[in-house]
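Reader: Please take a close look at the largest nonpolar core of this chain. I would like to know which parts of the chain build it, and what lies apart from it.

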Amino acid sequence: MISLVVNGTKHTVDVDPETPLLWVLREHLGLTGTKYGCGIARCGACTVHIDGKPERSCRIPVKEATGKKITTIEGISESHPVVRAWINDDVPQCGYCQSGQVMAAVALLEANPRPTNSDIDTAMSGILCRCGTYQRIRRAIHQAAKASKGAPKAMARARAEAKRGKR
């Protein structure tokens, strides 16, 4: 039995410890917002936060996530500035990579609340978008950063909700 804390909720699953975290999230916990893309940690569609850092869940054995805080896209509040900016700027096209994009953007702004274009390009470079929405992604991250600046309490609340896994 493997115990995990996902989006603030403790779960116990009976799986092979080598099972990729992605499959445990999707198939055992029903958290299908995290997508399977390439299966080799190259596209970033499966990005989740593990102890606050963006990680590719397709290549992490579930045993390595035990005892750590895991946040999936379901754990990011709809009122989070990144989510609101994504909606306001109509970022997604097909949407397949967007959960990974949002998770990477949230992690970027947690580490760097005022990123430059270069910071954004570097942080987001491992998350591939087949539709090519990179300009909209960059614009939305700047929009989220500005929204956070104008509403520090709202950003702090969104951060706390994300860490607790509440929506």
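Author: In this predicted model, residues 24 or more positions apart make up 62% of the chain's contacts that have a separation of 6 or more. The chain has 167 residues, and 47% of them count as buried. Its exposed surface comes to about 8400 Å², with 50% of that supplied by carbon and sulfur atoms.

The secondary structure gives the frame for the core. There are six helices and five strands, and from the N terminus they follow the order β-β-α-β-β-β-α-α-α-α-α.

The largest nonpolar core has 22 residues, and those touching the most other members are Val-82, Trp-86, Val-102, Met-124 and Ile-141. At least two residues of this core come from each of helix 2 (81-88), helix 3 (98-111), helix 4 (117-124) and helix 5 (134-150). Helix 3 is the main contributor, giving seven residues.

Trp-86 is worth following in detail. With residues up to four places away in sequence left out, its contacts are Val-91, Pro-92, Gln-98, Gln-101, Val-102, Ala-105, Ile-137, Ala-140 and Ile-141. Two of these partners, Val-102 and Ile-141, are themselves listed with Trp-86 among the members that touch the most others. The list of partners also includes the glutamines Gln-98 and Gln-101 as well as Pro-92. Those three residue types fall outside the set from which a nonpolar core is drawn, so Gln-98, Gln-101 and Pro-92 touch Trp-86 without counting as core members.

Another core, of 16 residues, lies apart from this one, and its members include Leu-31, Ile-50, Ile-60 and Ala-65.

Two loop residues deserve a note on backbone geometry. Most residues other than glycine have a negative phi. Asp-90 departs from this, with a positive phi near 50°. Asp-90 sits in the loop that joins helix 2 to helix 3, and those two helices both supply residues to the largest core. Asp-90 counts as exposed because its relative accessibility is 52%, and the cut-off for that class is over 50%.

Ala-41 is the other case: its phi is positive, about 65°, although it is not a glycine. This alanine is in the loop between helix 1 (21-28) and strand 3 (47-50). Ala-41 has a relative accessibility of 30%, so it counts as partly exposed.

Notes. Residues numbered from 1 in each chain as written. Predicted model: local features only at pLDDT ≥ 70, side-chain atom pairs only at ≥ 80, totals over all residues. Heavy atoms only, no water. Core = buried A, V, L, I, M, F, W, Y, C linked by side-chain atoms within 4.5 Å. Buried < 20%, exposed > 50% of the residue type's maximum accessible area, 1.4 Å probe, protein only. Helix = DSSP H or I, 4+ residues; strand = E, 2+ residues; numbered from the N terminus. Contact = heavy atoms within 4.5 Å. Areas by Shrake-Rupley, 256 points an atom, 1.4 Å probe, with all protein chains shown as cover.
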